Amino acid sequence: MSKLTICDHPLIQHKLTYIRDKNTNTKDFRELVDEVATMMAYEITRDLPLETIPVETPVTTAQGKVISGRMLGLVPILRAGLGMVDGMLQLIPAAKVGHIGLFRDPETLKPVEYYVNLPSDAAERLLIVVDPMLATGGSANAAIETLKKRGCLNLKLMCLIASPEGVKAVQEAHPDVDIFIASLDECLNDHGYIVPGLGDAGDRMYGTK
């Protein structure tokens, strides 16, 4: 079973409260999502391997730690996942970015794929799939399956909020993919929305509703 990590740092939880607030405007919403994504990037990269190299300080020679050749990639699920990418790139600017376009059929709640564009060396990288919401788990599972079919097997999933149903769905379908979230919410409602949630992340991020 994959590991579920809840990033409960006080600053993340503080900002998440304002992300949830229906009165937060589009500009502030985008900035808050960006900031939380930066902080969550610290946690999701915690286990990157290190190697020791010599470094000349102004005083003497010392042994320093650098990341040991691990190539990273970010794969946002369009469109809402895009809002988390820039925050993560502030910490890991060398990461390459791929894109998977999915939308949820409003009647079946099933994901429909309409776009895939990945780095040519995606299969050699640790890929972090990014989406603000893990609701039914359908979109996340579809994105992960798309990556696996293309030979990408080293994967993690990062979301702002998740439902217990969504976490369970991903863990059952992809027990090899660890999940990182800022909050595990109560449940899904009859329309497949997370409760208490934050509304439609894409609409709130881009002011389209």
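**Entry 1. Val97**

I began with Val97, which lies in strand E5, residues 96–97. The model I am reading is a predicted one. I looked up the relative accessible area of Val97 and found 29%. Buried requires a value under 20% and exposed a value over 50%, so Val97 is classed as partly exposed. I then listed the contacts of Val97, leaving aside neighbours within four places in sequence: they are Leu74, Pro76, Val85, Leu89 and Pro119. For one of these partners, Val85, I also noted the C-alpha distance to Val97, which is 8.3 Å across 12 residues of chain.

**Entry 2. The protein as a whole**

I next turned to the overall architecture. The secondary structure consists of six helices and 13 strands. The C-alpha trace spans about 65 × 40 × 30 Å along its principal axes.

How does the radius of gyration agree with that of a compact globule? For 209 residues, a compact globule would have a value near 17 Å, and the protein has 18 Å, so the two agree.

I recorded that 45% of the 209 residues count as buried. The protein exposes about 10700 Å², and carbon and sulfur atoms supply 53% of that area. I also looked at how far apart in sequence the contacting residues are. Among contacts with a separation of 6 or more, 63% are between residues 24 or more positions apart.

For the charges, I noted 21 positive and 27 negative ones. Their mean positions are 1 Å apart.

**Entry 3. Two cis peptide bonds**

Most peptide bonds are trans. I therefore wrote down two that are cis, citing each in turn.

The bond from Leu78 to Arg79 is cis, with omega near 0°. Arg79 is in the loop that runs between strand E4 (72–78) and helix H3 (85–89).

The bond joining Val195 and Pro196 is also cis, with omega about 0°. Pro196 is in the loop between strand E13 (194–195) and helix H6 (201–206).

**Entry 4. Helix H4: Ser139 and Asn141**

I moved to helix H4, which covers residues 138–149 and includes Asn141. Ser139 is found in helix H4 as well.

Which residues does Ser139 touch, not counting those up to four places away in sequence? I found Ile77, Leu102 and Pro111. I also noted the distance from Ser139 to Leu78, a residue of the cis bond with Arg79: their C-alpha atoms are 10 Å apart, with their positions 61 residues apart in sequence.

Is Asn141 buried or exposed? Its relative accessibility is 15%, and the cut-off for buried is under 20%, so Asn141 counts as buried. Beyond its neighbours within four places in sequence, Asn141 is in contact with Ala169, Val170, Ala173 and His174. These four positions fall within or just after helix H5, which covers residues 164–173.

**Entry 5. Helix H5: Val167 and Gln171**

I then examined two residues of helix H5, Val167 and Gln171.

Val167 has a relative accessible area of 6% and is therefore buried. Its contacts, apart from neighbours within four places in sequence, are Leu4, Leu134, Ala162, Ile179 and Leu184. I also looked up the C-alpha distance between Val167 and Ala135: it is 8.2 Å, for residues 32 positions apart along the chain.

Gln171 has a relative accessible area of 14%, so Gln171 is buried too. What does Gln171 touch, not counting residues up to four places away in sequence? I listed Met1, Ser2, Leu4 and Ile179. For Ser2 there is a further detail: its backbone oxygen lies 3.1 Å from a polar atom of the Gln171 side chain. Leu4 and Ile179 appear in the contact list of Val167 and again in that of Gln171.

**Entry 6. Lys110**

My last entry concerns Lys110, in the loop between strand E6 (99–104) and strand E7 (111–117).

Is Lys110 buried or exposed? Its relative accessibility is 56%, and exposed means over 50%, so Lys110 counts as exposed. Lys110 touches Phe103, Arg104 and Asp105, with residues up to four places away in sequence not counted. Finally, I looked up the distance from Lys110 to Val195, a residue of the cis bond with Pro196. The two C-alpha atoms are separated by 19 Å, and the residues are 85 apart along the chain.

Notes:
Residues are numbered from 1 along each chain as its sequence is written. This is a predicted model: local features need pLDDT of at least 70, side-chain atom pairs count only at pLDDT 80 or more; totals for chains, interfaces and linings use all residues. Side-chain values use heavy atoms; hydrogens and water are left out. The radius of gyration is taken over C-alpha atoms; the globule rule is 2.2 Å times the number of residues to the power 0.38. Buried means under 20% relative accessible area, exposed over 50%, partly exposed in between (1.4 Å probe, protein chains only). Contact means heavy atoms within 4.5 Å. Accessible areas come from the Shrake-Rupley method with a 1.4 Å probe; for residues, only the protein chains shown count as cover. Lys and Arg count as positive and Asp and Glu as negative; His and the chain ends are not counted. The place of a charge is taken as NZ of Lys, CZ of Arg, CG of Asp or CD of Glu. A polar contact is a pair of N or O atoms within 3.5 Å; within protein, one must be able to donate a hydrogen and the other to accept it, and residues adjacent in sequence count only if both atoms are side-chain atoms.
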